[in-house]
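Biologist: Please take a close look at the aromatic pairing in this model, and then carry the description on to its backbone and its helix packing.

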Amino acid sequence: MQIGLSYDLKEAIPVEQDGLDDALEEYDSPETVALLSAALEAKGHSVVRLGGGRQFLDNIRREKIDIVFNIAEGRGNYRSREAQVPSILEMLDIPYTGSDPQCLVVCLDKSVTKKLVIAHGISTPWWLTIANEAELYQTSWDSFPFPAIVKPTCEGSSKGIRLSSLAYNVQQVQKEASRILKCYQQSVMVEEFIDGDEVTVGIVGNLPPKVLGVMRVLPKKKDDHFIYSLEVKRDYLNLVEYECPALLEEKILDEISDCSLKVFKALGCRDFARVDFRVSPRGIAYFLEINPLPGLGIYSDLVIMAMKMGWTHEELIGAVLDAARERYPQCICV
Ligand SMILES: Nc1ncnc2c1ncn2[C@@H]1O[C@H](COP(=O)(O)OP(=O)(O)OP(=O)(O)O)[C@@H](O)[C@H]1O
Ligand SMILES: [Mg+2]
């Protein structure tokens, strides 16, 4: 097959858009693109590098592509950005890997996602969404369960989530929320902070989707209020350990796996995803968010998890591709 690879490289983004030091955090590196190309080529496919943005538009109209392997995060800070490439591919009727625009749009908005997840009986920390400064100062915090974490509503890769994102009182919420409203130009979520284990779950496949692994992320230095923040993700080798399979009670592992599959199906995810939880000391698993377009670079959580579960990177990429191909009759025999 001729496989198109769509992606957004950090270096492809014009410098003037790079105002914040984490503005490009979600975008990929040439190393990841090379690794994905190699994994697809190892399966006997030829790979056309389509890139992202306008370059993607030019390339997708020119090249003859059987299916696109999509890791493009999309351009701008629009909350629909992850749907940009899949929307174009649907318009052109070209098959692609991963979830469809509707799913990607919903899941990038953590507040909308949590409402849907609650409707399926899954626990998630209490939260308020604040749209602007006026709302921030009109909100009553009397019954809010502090401490809280303050985070942008529609970001990934821990953009905007710093060690300073934990707030113990109203003044700290206001300071941090104000920073996010100004810097990230979007609504802010103030969410009940769940102390306890940080757990992430990988899912691959459709018929049926299966849990690839349940991984616990542990701070190397004891931390009373651990946050898997931007600072930690950037220095993960020194600051955290990855434990997979997670050494949690069987009952909790089963509950987390069930919840993850339920969320995957409820939100209409396809092919693969990664779901984040915090498990309270009382053993309650709280859903934080789902990533239907998780990183596939060698240092991404899903890849680390897959390797700890005995998969190679190539096998993971192959499984995502196979899951997508099975959905498109025209791709099965190519
Ligand atoms: N309610 C919460 N309670 C405890 N910790 C939280 C909470 N919300 C976020 N965190 C911490 O912040 C981290 C990042 O939050 P979240 O997963 O919402 O951000 P993200 O940018 O979407 O992450 P990703 O890199 O997975 O895309 C979590 O992994 C967790 O450590
Ligand atoms: Mg997360």
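**Aromatic pairing and its surroundings**

Modeller: With a relative accessibility of 60%, tyrosine 299 counts as exposed (over 50% relative accessible area, where under 20% is buried and anything in between partly exposed, using a 1.4 Å probe and protein chains only). This is a predicted model, in which local features need pLDDT of at least 70 and side-chain atom pairs count only at pLDDT 80 or more, while totals for chains, interfaces and linings use all residues. Residues are numbered from 1 along each chain as its sequence is written, chains are lettered from A and ligands numbered from 1 in the order in which they are written, and side-chain values use heavy atoms, with hydrogens and water left out.

The whole structure holds 7 aromatic pairs (rings of Phe, Tyr and Trp, the last by its six-membered ring, with centres within 6.5 Å; planes under 30 degrees apart are stacked, over 60 edge-to-face and the rest tilted). One of them joins tyrosine 236 and tyrosine 299 in a tilted arrangement, with 5.8 Å from centre to centre and 40° between the planes. Because tyrosine 236 belongs to helix 9 (residues 236–239) and tyrosine 299 to the loop between strand 12 (285–291) and helix 11 (301–308), the pair ties together parts that are 63 residues apart in sequence (helices, H or I of at least four residues, and strands, E of at least two, are DSSP runs numbered from the N terminus). Tyrosine 236, at 13% relative accessibility, is buried.

Elsewhere, ring pairs link Trp141, Phe144 and Phe146 into a cluster. Phe146 also leads into a cis peptide bond to proline 147, with omega near 0°, and proline 147 sits in the loop between helix 6 (133–138) and strand 5 (148–152). A cis bond, again with omega near 0°, runs from leucine 207 to proline 208, in the loop between strand 8 (197–204) and strand 9 (210–219).

Positive phi values, in residues other than glycine, are found at aspartate 93, near 60°, and at aspartate 271, near 75°. Aspartate 93 is exposed at 63% relative accessible area, whereas aspartate 271 is buried at 0%.

Aspartate 93 lies in the loop between helix 3 (84–92) and helix 4 (101–108). Helix 3 in turn meets helix 2 (residues 53–62), their axes coming within 12 Å and crossing at roughly 25°, which makes the two roughly parallel (an angle under 35 degrees). The contact (heavy atoms within 4.5 Å) joins Phe56, Leu57 and Ile60 of helix 2 to Val85, Ile88, Leu89 and Leu92 of helix 3.

Technical notes: Axes are lines fitted to C-alpha atoms, for helices over the stretch in contact, and angles run from 0 to 180 degrees between N-to-C directions. Angles under 35 degrees count as roughly parallel, over 145 as roughly antiparallel, 65 to 115 as roughly perpendicular and the rest as oblique.
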